[in-house]
Amino acid sequence: MSDNAPATAPVARPKTTGLHTGDAAPGCAKVDPIIVADGVTRSFGGITAVDVDHLEIPRGAITALIGPNGAGKTTLFNLLTGFDKPNEGTWSFDGRSLSGVPAHRVARMGLVRTFQLTKALGLLTVMDNMKLGQKGQVGERFWSSLIPALWRAQDTGIEDRALELLRKFKLDAKKDDFAASLSGGQRKLLEMARALMTEPTLVMLDEPMAGVNPALTQSLLEHILDLKDEGMTVLFVEHDMHMVRHIADWVVVMAEGRVVAEGAPDDVMRDPAVVDAYLGAHQELDLGVVTGRIPVVDADPTTDAAASAAVAETDLTAEGLAEADEEDRA
C-alpha cells in the first residue's frame with residue numbers, strides 16, 4: 001500500500017450494544033467484563049497520576065479511553081499490562097489476577113499492547129520483528145537452539161504465519177527490509193501485526209493513529225475493526241473524538257487520573273462536562289474530515305461539515321488539537 005494512496009470512506013459496521021447494566025455511570029458494571037480494576041492508584045512525586053476506584057472493560061467490544069493530556073491514560077495502560085506497578089489496587093484479566101504479574105507474563109496470558117511511540121527493532125528486518133512476537137518458540141531455549149532439527153519445522157510455521165499477517169497488513173513486500181526503513185504509519189501497522197502473533201484475547205492500543213498520515217490511518221482503522229470481528233476485545237487511546245465516535249462501542253473518559261464518564265460514544269459526547277473539559281471550542285469540527293480521514297459526505301451529523309472541510313489541518317496542529325508526522329508527509 002502506498003502512503004500516497006487516496007483515503008477511502010470507511011465501511012460502516014454494526015456497533016455492539018447492551019454492554020452494561022444499570023445507568024452508564026463511571027465504574028458501572030458490564031454484562032461480561034474482561035478487565036476489572038478496583039482501587040488502582042499511582043503517584044509520582046506526590047502527584048496522583050491514576051486514581052481509579054472501579055473500572056470494567058466489556059468483552060468483545062471496542063472501548064475508547066479518552067481524556068485530555070495528563071489524564072493518566074497511558075499510565076493506566078502501563079499498570080494494567082505490567083509495565084508499571086501501582087501504589088495500591090487490584091485488577092484482573094479474564095478472571096485471573098494481574099496484580100504483580102510482569103509484562104512478559106501478561107502478554108503470554110493473552111493481553112498485549114502497542115505503544116504511542118512504536119517499539120519496532122529498527123536494525124532487524126520486518127520478518128524478524130514479526131517472529132519475535134511468537135510465543136513458545138523451542139529455539140529460544142539454549143540447549144534446544146543448538147539442535148536445528150528440534151526447532152526448524154516450528155520456525156517455518158512461524159514464518160508462514162508471520163507472512164500471512166504481513167499480507168493482511170500490506171507489509172509483505174517489506175518483509176526483508178529493515179524496520180527502520182518503514183514510515184511512521186507502516187511501523188504502527190507492523191507493531192499491530194506483531195502483537196497478533198501472540199494470538200491475543202485483548203489488544204490495547206496506545207494512540208494508534210497519532211502521527212499517521214490520512215492514507216494509512218484509514219487502513220489502521222479498518223484493522224482495528226477487524227480485530228473485533230475476529231473475536232478480540234480492543235481497548236484504545238485516541239484524541240480524535242470523531243474517529244472515536246465512528247468505531248468505538250463504548251467510551252471511558254478520564255480526567256486528572258479519575259474515570260469521570262462512561263457510555264456509548266454519542267451519549268458521552270453530549271455530556272456537557274465532557275464537552276467543556278475535553279472537546280473544547282472545536283467541538284463543531286469533525287477532525288476526521290479536517291485530516292482527510294473521513295469524506296465530507298460521511299461527516300458526523302452533529303458537526304459542521306463545510307467548516308470542517310475548510311479548516312487546514314496545520315491550523316489544528318499548531319493549536320495542539322491534531323498531530324503531524326513530518327516523515328510521513330515528506
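A cavity here is a set of grid points where a 1.4 Å probe fits but cannot get out, and its lining residues have an atom within 4 Å of a point. With that in hand, here are the close-ups of this predicted model.

**View 1. Helix α6 gives the most to the lining of the largest cavity, with 3 residues.** The structure holds 1 cavity of 30 Å³ or more, and about 50 Å³ of space lies in the largest one. Its lining is made up of Thr114, Phe115, Lys188, Glu191, Met192, Leu205, Pro208 and Leu220.

**View 2. Helix α6, residues 184-196, is mostly covered.** Buried residues make up 13 of its 13. Its length is easy to check: at 1.5 Å a residue, these 13 residues should span 18 Å, and the end C-alpha atoms sit 19 Å apart, which agrees.

**View 3. An open sheet of 4 strands shows antiparallel pairing.** Read across the sheet, the order is β2-β1-β4-β5. Strands β2 (47-58) and β5 (96-97) stand at the edges; each has a single partner strand, so one side of each is left without a neighbour in the sheet. As a reminder, strands of a sheet pair through backbone hydrogen bonds.

**View 4. Strands β1 and β2 run antiparallel.** Look for the 10 bridges that join β1 (residues 33-44) to β2. One place to zoom in is Thr41, whose bridge partner in β2 is Asp51.

**View 5. Helix α1 lies across three strands, β1, β2 and β4.** The helix covers residues 73-80, and β4 covers 88-93. Relative to β2, α1 runs at about 65 degrees.

Conventions
Residues numbered from 1 in each chain as written. Predicted model: local features only at pLDDT ≥ 70, side-chain atom pairs only at ≥ 80, totals over all residues. Heavy atoms only, no water. Pairing = 2+ DSSP bridges. Helix = DSSP H or I, 4+ residues; strand = E, 2+ residues; numbered from the N terminus. Contact = heavy atoms within 4.5 Å. Axes fitted to C-alpha atoms, helices over the stretch in contact; angles between N-to-C directions. Expected span 1.5 Å × (residues − 1). Buried < 20%, exposed > 50% of the residue type's maximum accessible area, 1.4 Å probe, protein only. 1 Å grid on protein atoms, 1.4 Å probe; cavity = no way out; pocket = protein on both sides within 12 Å on 5 of 7 lines; lining within 4 Å. Points joined across faces, edges and corners; volume = space filled by probe spheres on them.
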